[in-house]
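Dear colleague,

I am handing over the structure below, and after it you will find what came out of looking through it. Please read the text with the structure open beside you.

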Amino acid sequence: MVLRRARAGNGAPVSSAREIDLSVGDLAPGPLDAITDVDGVMVGHSTIVSGAGPLRVGRGPVRTGVTVVLPRREIWTAPVFAATHRLNGNGELTGVHWIRESGMLTTAIGLTNTHSVGVVRDALAAVHRRARAGEELWSLPVVGETWDGVLNDIDGQHVGTEHVAAALGDASGGAVEQGAIGGGTGMICHDFKGGIGSASRRLGESDGGYTVGALVQANHGRRERLTINGVRVGRMIPAGEVPLATPPGPPPGAGSIIVVLATDAPLLPHQCERLAQRASIGIGRTGGVGEHDSGDLFLAFATGNDGLDAKPDGSEAGREVPVRMLDDRHITPLFDAAAEATEAAIVNALLAATTTTGRDDIVAHALPHARLLEVLGGARGRA
């Protein structure tokens, strides 16, 4: 099976709301409307699609993959300040205890399915060891997951170290491919096809000119709660019009979302934590509430400080590390940008995803663009 992404009128893949003339929020996006608008940030994917028909554990069908986010190419030797936040904790994000303790992120971030966290974590640890060859090193890579078992033979654990290597090899700072790609290949969002989404928001010069970018792996939410620009579009595009995927078990709303936030502002770890919390607002604006069966886990990092890797031997050159910090009295615009970038990234995940048939011929239908615009236009007309 070959999965093809939606196409805009010029034949290019539809990857964001603005490509169908849909504006989300009030702030201006960066040039790419993606997390890679934060200078130095890179994203790569490896997608695994094979087989069709009934589930055969260990043999498919397979609809899964890996997505990686690198805060900077040399993250293995040049860490960044970071922090995490949890809206609801029915999920996994490895390495977070050391981030909370140290305030620093020292590895790439991996995103995959729930049952492949271990292999992705081990592969990233091996890359970290090679990057710092000759040092006595322990590694605690950050890997987040959401459950793609509705469409994918998740128990077959088809993700391997070669797929992590491929995602790292694919990583670049350009436009981010979104939708049913990489770790988002088998994900479902608000009962439409979901997956990877990204967006950015850039502050005006009077607010520092900083950029906040978001990348989500969206696999959460209920149809009737989906909200875009304040309009309850899920209620107006019900299952009778666009069928729900009919999974064998999970209750409505079961699922998860991982949010990665990046900024070039000079934030300290406690400020990164405050930024990460604002991802909850973006999720809430689109109708997510952090259901009991959902893992809503967020990580924020800031690239505005360099030279944080003090010499481990305690030598004079590495004893003190100068850092910059944004005055907290000027941080609120960053909170606005984080909430809006998260909101827009979820919408972009829905718009970029294409209808996907997975295991047992279960179909996750894409959010229809024309119908969405019709619903939003009708709501504006009634306002």
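Two residues are in contact when they have heavy atoms within 4.5 Å of each other, and helices (H or I, at least four residues) and strands (E, at least two) are DSSP runs numbered from the N terminus. This is a predicted model, in which local features need pLDDT of at least 70 and side-chain atom pairs count only at pLDDT 80 or more, while totals for chains, interfaces and linings use all residues. Residues are numbered from 1 along each chain as its sequence is written, and side-chain values use heavy atoms, with hydrogens and water left out.

Helix α3 (residues 161-170) has His163, Val164, Ala167 and Leu168 as its buried residues, where buried means under 20% relative accessible area, exposed over 50% and partly exposed in between (1.4 Å probe, protein chains only). These residues lie on the same side of α3, because they cover an arc of only 140 degrees around the axis, taken from the directions from the helix axis to the C-beta atoms. They pack against β1 (42-50), β2 (62-70) and α2 (117-131).

The largest nonpolar core, a set of buried Ala, Val, Leu, Ile, Met, Phe, Trp, Tyr and Cys residues joined through side-chain atoms within 4.5 Å, has 55 residues, of which Leu22, Ile228, Leu261, Leu267 and Leu334 touch the most other members. Among the elements that each supply at least two residues of this core are β3 (80-89) and α8 (332-352), and α8 gives the most, with 12 residues. Apart from this core lies another, of 45 residues, including Val41 and Leu299.

Best wishes
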